[in-house]
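Welcome! Have the structure open beside you and try each exercise before you read its solution.

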Amino acid sequence: MKLKRKFYLRPTVEVAKDLLGKFLVHKYHNKIYHSMITETEAYAGFDDLACHGSRGMTERNKIMFRPGGFAYVYLIYGIYHCLNLTTEKEGIPSAVLIRALDYPKADGPGKLCREFKITKENSNGLDLTSDQLWVEDRGKKPSKILSGPRIGVAYAKHCAAWPWRFWIED
């Protein structure tokens, strides 16, 4: 069953944990890509120095200020796309980075976007309740969820150590 908007309108850390075991689905050029989400990271609000929206809205991050349930896709290092799913209510910059899927060659945020044909051009701003990019609950419940610090956010001072990266054991 496709997740409804209310799933995303909750606290970001809760959504990040609850996305584990759900299935990311992308319909692109009449092909459907789908796989289970196995790793996520939470980025929440103005107090989270690792969050792209912590210093205010820009052209790049304006999608993060939408209500929960939209795709925020950005480019890192000029070559890799990263998929985030917005969370919480409108005006609070919050999203969950999808870090890995249970799919060959999708064990990193840039890799999964490449494998699933997700780019800023074709996916940024998409409504996750649409028929192009969405998340499904197929009844899979992870047996054990682990957590630790987010990756690559050393610049975020005290926020860098927050245990807001979640993954399914194994």
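## Exercise 1: A histidine in a strand

His-26 belongs to strand 1. The model you are looking at is predicted. Your task: decide whether His-26 is buried or exposed, and find which residues it touches outside its own stretch of sequence.

Solution.
- Step 1: Take the relative accessible area of His-26, which is 0%.
- Step 2: Buried means under 20%, so His-26 is buried.
- Step 3: Leave out residues up to four places away in sequence; His-26 then touches Lys-31, Ile-32, Tyr-33, Phe-116, Lys-117, Ile-118, Asn-122, Ser-123, Gln-132 and Leu-133.
- Step 4: For a distance across the fold, take His-26 and Phe-70: they are 44 residues apart along the chain, and their C-alpha atoms are separated by 13 Å.

## Exercise 2: A glycine in a loop

Your task: say where Gly-21 lies and which residues it contacts.

Solution.
- Step 1: Gly-21 sits in the loop that runs between helix 2 (12–18) and strand 1 (23–28).
- Step 2: Its relative accessible area is 1%, so Gly-21 is buried.
- Step 3: Setting aside neighbours within four places in sequence, the contacts of Gly-21 are Met-36, Ile-37, Lys-140, Pro-142 and Ile-168.
- Step 4: Compare a residue 40 places along the chain: the C-alpha atoms of Gly-21 and Asn-61 are separated by 27 Å.

## Exercise 3: Two nonpolar cores

Your task: find which members of the largest nonpolar core touch the most other members.

Solution.
- Step 1: In soluble globular proteins, nonpolar side chains tend to be buried together.
- Step 2: The largest nonpolar core here has 34 residues, and those touching the most other members are Leu-19, Leu-24, Leu-83 and Ile-98.
- Step 3: Strand 2 gives the most to this core, namely five residues.
- Step 4: Look around Leu-24: with residues up to four places away left out, its contacts include Leu-83, Leu-101, Leu-112, Phe-116 and Trp-134.
- Step 5: There is also a second, separate core of 16 residues, with Tyr-43, Ala-50, Met-64 and Cys-82 among them.

Now follow Tyr-43 from that second core.
- Step 6: Tyr-43 lies in strand 2, and at 9% relative accessible area it is buried.
- Step 7: Beyond its neighbours within four places in sequence, the contacts of Tyr-43 include Thr-12, Ala-50, Met-64, Leu-97 and Val-153.
- Step 8: Tyr-43 and Leu-97 are 54 residues apart in sequence, while their C-alpha atoms are 7.6 Å apart in space.

## Exercise 4: Aromatic pairs

Your task: say how many aromatic pairs the whole structure holds, then describe two of them.

Solution.
- Step 1: A pair of aromatic rings is described by the distance of the centres and the angle of the planes.
- Step 2: A search of the whole structure gives six aromatic pairs.
- Step 3: For Phe-7 and Tyr-8, the ring centres are 5.3 Å apart and the planes meet at 80°, so this pair is edge-to-face.
- Step 4: Phe-7 is buried at 13% relative accessible area, and Tyr-8 is buried at 0%.
- Step 5: Trp-162 and Trp-164 make a tilted pair, with 4.7 Å from centre to centre and 50° between the planes.
- Step 6: Trp-162 is partly exposed at 24%, whereas Trp-164 is buried at 18%.
- Step 7: Ring pairs also link Tyr-33, Tyr-103 and Phe-116 into a cluster.

## Exercise 5: Positive phi

Your task: compare the settings of Asn-30 and Glu-88.

Solution.
- Step 1: Most residues other than glycine have a negative phi.
- Step 2: Asn-30 has a positive phi, near 65°, and phi of Glu-88 is positive and near 65° as well.
- Step 3: Asn-30 is in the loop between strand 1 and strand 2; Glu-88 is in the loop between strand 4 and strand 5.
- Step 4: At 76% relative accessibility Asn-30 is exposed, while Glu-88, at 19%, counts as buried.

## Exercise 6: The largest pocket

Your task: find which residues are closest to the centre of the largest pocket.

Solution.
- Step 1: The largest pocket holds about 540 Å³ of space.
- Step 2: It is lined by 24 residues, and the closest to its centre are Ala-50, His-52, Gly-152, Val-153 and Tyr-155.
- Step 3: Sorted by class, the lining has 17 nonpolar, four polar and three charged residues.
- Step 4: Strand 2 (31–44), strand 3 (71–76), strand 4 (80–86) and strand 5 (94–101) each supply at least two residues of that lining.

Definitions and conventions. Residues are numbered from 1 along each chain as its sequence is written. This is a predicted model: local features need pLDDT of at least 70, side-chain atom pairs count only at pLDDT 80 or more; totals for chains, interfaces and linings use all residues. Side-chain values use heavy atoms; hydrogens and water are left out. On a 1 Å grid over the protein atoms alone, a cavity is a set of points where a 1.4 Å probe fits but cannot get out, and a pocket is an open set with protein on both sides within 12 Å along at least five of seven lines; lining residues have an atom within 4 Å of a point. Grid points are joined across faces, edges and corners, and a volume is the space filled by probe spheres set on the points. Helices (H or I, at least four residues) and strands (E, at least two) are DSSP runs, numbered from the N terminus. Ala, Val, Leu, Ile, Met, Phe, Trp, Tyr, Cys and Pro count as nonpolar, Asp, Glu, Lys and Arg as charged, and the others, Gly among them, as polar. Buried means under 20% relative accessible area, exposed over 50%, partly exposed in between (1.4 Å probe, protein chains only). Contact means heavy atoms within 4.5 Å. A nonpolar core is a set of buried Ala, Val, Leu, Ile, Met, Phe, Trp, Tyr and Cys residues joined through side-chain atoms within 4.5 Å. Rings of Phe, Tyr and Trp (its six-membered ring) pair if their centres lie within 6.5 Å; planes under 30 degrees apart count as stacked, over 60 as edge-to-face and the rest as tilted.
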